[in-house]
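Subject: A structure for you to look at

Hello! Here is the protein I promised to pass on to you. Please open it beside this email, and then read on for what turned up in it.

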Amino acid sequence: MTLSAASRAGLTAACKGLSRECIADNVTINNLLPERFDTPRQQQMAQVAMQQSGITFEQARQKQIDSIPAGRMGLPAEFGAACVYLCSEMSGYITGQNMHLDGGAYPALL
């Protein structure tokens, strides 16, 4: 995770700098930062947790859900809707931002 975190931080910084240059041409650059969305990947992760912890699939899924303040995983359509909004004319004044799509899981203020 350390290498992944370092590369994501670098990408975020590069996008922020680039966003300040591109906005003059009405090009916006933002980052969507998803937490757990109910996808086959999360089902796979529940299977792994089930095998490693000796719990049922339902218990593994519940552990995933319990870690999210919203009490549920995000829906892929919710991610898509956020993306559609950021690609629309209505978001033309939003650039260089990191949008957390996380059901309240991110603990920091900014």
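First, a definition: helices (H or I, at least four residues) and strands (E, at least two) are runs assigned by DSSP and numbered from the N terminus. With that in hand, the order of elements along the sequence of the protein chain reads α-β-α-α-α-β. In total the chain has 4 helices and 2 strands. Its radius of gyration is 17 Å, well over the 13 Å that the globule rule gives for 110 residues, so the chain is more spread out than a compact globule. (That radius is taken over C-alpha atoms, and the globule rule is 2.2 Å times the number of residues to the power 0.38.) Along the principal axes, the C-alpha atoms fill a box of roughly 55 × 30 × 25 Å.

Some notes before you go further. This is a predicted model, in which local features need pLDDT of at least 70, side-chain atom pairs count only at pLDDT 80 or more, and totals for chains, interfaces and linings use all residues. Residues are numbered from 1 along each chain as its sequence is written, and side-chain values use heavy atoms, with hydrogens and water left out.

How confident is the predictor? The pLDDT is its confidence in each residue, from 0 to 100. The protein chain averages 95, and 100% of the residues score at least 70. Among the elements, helix 4 (residues 76–86) has the highest mean pLDDT, 98, and helix 1 (residues 2–22) the lowest, 93.

Now to burial and contacts. A residue is called buried under 20% relative accessible area, exposed over 50%, and partly exposed in between (1.4 Å probe, protein chains only). Buried residues make up 19% of the 110 in the chain. Contact means heavy atoms within 4.5 Å. Of the contacts between residues at least 6 apart in sequence, 62% join residues at least 24 apart.

Next, the largest pocket. On a 1 Å grid over the protein atoms alone, a pocket is an open set of points where a 1.4 Å probe fits, with protein on both sides within 12 Å along at least five of seven lines; lining residues have an atom within 4 Å of a point. The largest one holds about 470 Å³ of space, where a volume is the space filled by probe spheres set on the points, and grid points are joined across faces, edges and corners. Its lining has 16 residues, and Arg8, Leu32, Leu33, Pro34 and His100 lie nearest the centre. Helix 1, strand 1 (31–34) and strand 2 (98–101) each supply at least two lining residues. By class, the lining has 9 nonpolar, 4 polar and 3 charged residues. Here Ala, Val, Leu, Ile, Met, Phe, Trp, Tyr, Cys and Pro count as nonpolar, Asp, Glu, Lys and Arg as charged, and the others, Gly among them, as polar.

A few residues are worth finding on your screen.

Helix 2 (residues 40–53) contains Gln43, which is partly exposed at 38% relative accessibility. Beyond its neighbours within four places in sequence, Gln43 is in contact with Asp38, Phe57 and Arg61. Its C-alpha atom is 9.1 Å from that of Ala60, 17 residues away along the chain.

Is Ala60 buried or exposed? Ala60 belongs to helix 3, and its 2% relative accessibility makes it buried. Outside the four places on either side in sequence, Ala60 is in contact with Ala46, Ala49, Met50 and Ile55. Glu58 is also found in helix 3, but at 57% relative accessibility Glu58 counts as exposed.

Met73 sits in the loop between helix 3 (57–66) and helix 4, and is buried at 5% relative accessibility. Leaving out neighbours within four places in sequence, the contacts of Met73 include Arg36, Phe37, Arg61 and Ile68. The C-alpha atoms of Met73 and Asp102 are 8.3 Å apart, with their places 29 residues apart along the chain.

Last comes Asn26, in the loop between helix 1 and strand 1. Most residues other than glycine have a negative phi. Asn26 is not a glycine, yet its phi is positive, about 60°. With a relative accessible area of 70%, Asn26 is exposed.

Enjoy exploring!

Terms used:
pLDDT = per-residue confidence, 0-100.
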